[in-house]
Amino acid sequence: MDILGLGACAVFIAAFASLLKKQNREYALLLAVCAVVLILLDTLGQLEPYLTRIEELSGIQGGEYLSVMLKAAGITVSGQIASSLCKDAGENSIAYGVEIASKTAVLLAAFPVISKIFELLSKAMGI
Amino acid sequence: MEVDLIFKIAAIGIIVAVLNQLLIRSGREEQAMMTTLAGLIVVLMMIIHEIDALFQAIKSIFGL
């Protein structure tokens, strides 16, 4: 679906959600969850073929760093979904907790690369 | 993109809101609470499949 149709659909769903927000707020949240999930499923579906091409392109240089980068992107995407939905529901503290958790997960995923960089640096400077 | 799922959820929300008001006006607050709860669970069961599909997609694409 092109971006124009997607934008119009999103605004339409937001109008539905604000309608539902008056009586019972939980349905507005569930509507938001469903809308985010469907939109991301659609976009990730379009992204899929290009990612395999990126892996081929990266085959020349070190491909291992690319997988860490992709993993970090995946962690941030899912963490961001969860925290913004929590903010939607008005639970800012839970959103903060999820953000901290996703940041540490990204740090842990990138740790081997960071340690390798430090090794290279120390070798280069002959320390 | 399955837009009809979104309209289903919106419809359930509106129907439950109307039922809620109906039950509250007729003096049965507990049934109103039960109806909202039941509607909530129905909608959650509908969404759970999509959420699972999204997380499988994220896992497979980003190699988590």
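**Chain contact, largest pocket and local polar pairs**

Between chain B and chain A, two residue pairs are in polar contact, both at pLDDT 80 or more. The elements of chain B that give two or more residues to the side touching chain A are α1 (3-25) and α2 (29-62). Of these, α2(B) supplies the largest share, 15 residues. Sorted by class, this side of chain B holds 24 nonpolar, five polar and two charged residues. The structure is a predicted model, and the values reported here are computed from it.

The contact as a whole draws 31 residues from chain B and 33 residues from chain A. Together the two chains bury about 2800 Å², with 86% of that area on carbon and sulfur atoms. No salt bridge is found across the interface of chain B and chain A. The interface therefore has zero pairs in which a side-chain nitrogen of Lys or Arg comes within 4 Å of a carboxyl oxygen of Asp or Glu.

Ser78(A) was examined individually. This residue lies in helix α3 of chain A. The side chain of Ser78(A) reaches two backbone oxygens: that of Gly74(A) at 2.9 Å and that of Ile75(A) at 3.2 Å. When residues up to four places away in sequence are not counted, Ser78(A) touches Phe55(B) and Ile58(B). Ser78(A) thus has polar partners in its own chain, Gly74(A) and Ile75(A), while touching residues of chain B.

A search of the whole structure, over all chains, gives one salt bridge. Lys87(A) forms a salt bridge with Glu99(A), and the closest N and O atoms of the pair are 2.8 Å apart. The pair links distant parts of the chain, with Lys87(A) in helix α3 of chain A and Glu99(A) in helix α4 (residues 92-124) of chain A, 12 residues apart.

The largest pocket was then described by its volume and lining. Its volume is about 350 Å³. The pocket is lined by 21 residues, and those nearest its centre are Ala28(A), Leu29(A), Ala32(A), Leu85(A) and Asp88(A). Three helices of chain A each give two or more residues to this lining, namely α1 (3-23), α2 (25-58) and α3 (63-88). The largest share, 10 residues, comes from α2(A). By class, the lining comprises 15 nonpolar, two polar and four charged residues. Helix α3 of chain A, which contributes to the pocket lining, also holds Ser78(A) and the Lys87(A) end of the salt bridge.

Methods. Residues numbered from 1 in each chain as written. Chains lettered and ligands numbered in written order. Predicted model: local features only at pLDDT ≥ 70, side-chain atom pairs only at ≥ 80, totals over all residues. Heavy atoms only, no water. Contact = heavy atoms within 4.5 Å. Buried area = accessible area lost by both parts, 1.4 Å probe. Polar contact = N/O pair within 3.5 Å; in protein donor to acceptor, adjacent residues only side chain to side chain. Helix = DSSP H or I, 4+ residues; strand = E, 2+ residues; numbered from the N terminus. Nonpolar A, V, L, I, M, F, W, Y, C, P; charged D, E, K, R; others polar. 1 Å grid on protein atoms, 1.4 Å probe; cavity = no way out; pocket = protein on both sides within 12 Å on 5 of 7 lines; lining within 4 Å. Points joined across faces, edges and corners; volume = space filled by probe spheres on them.
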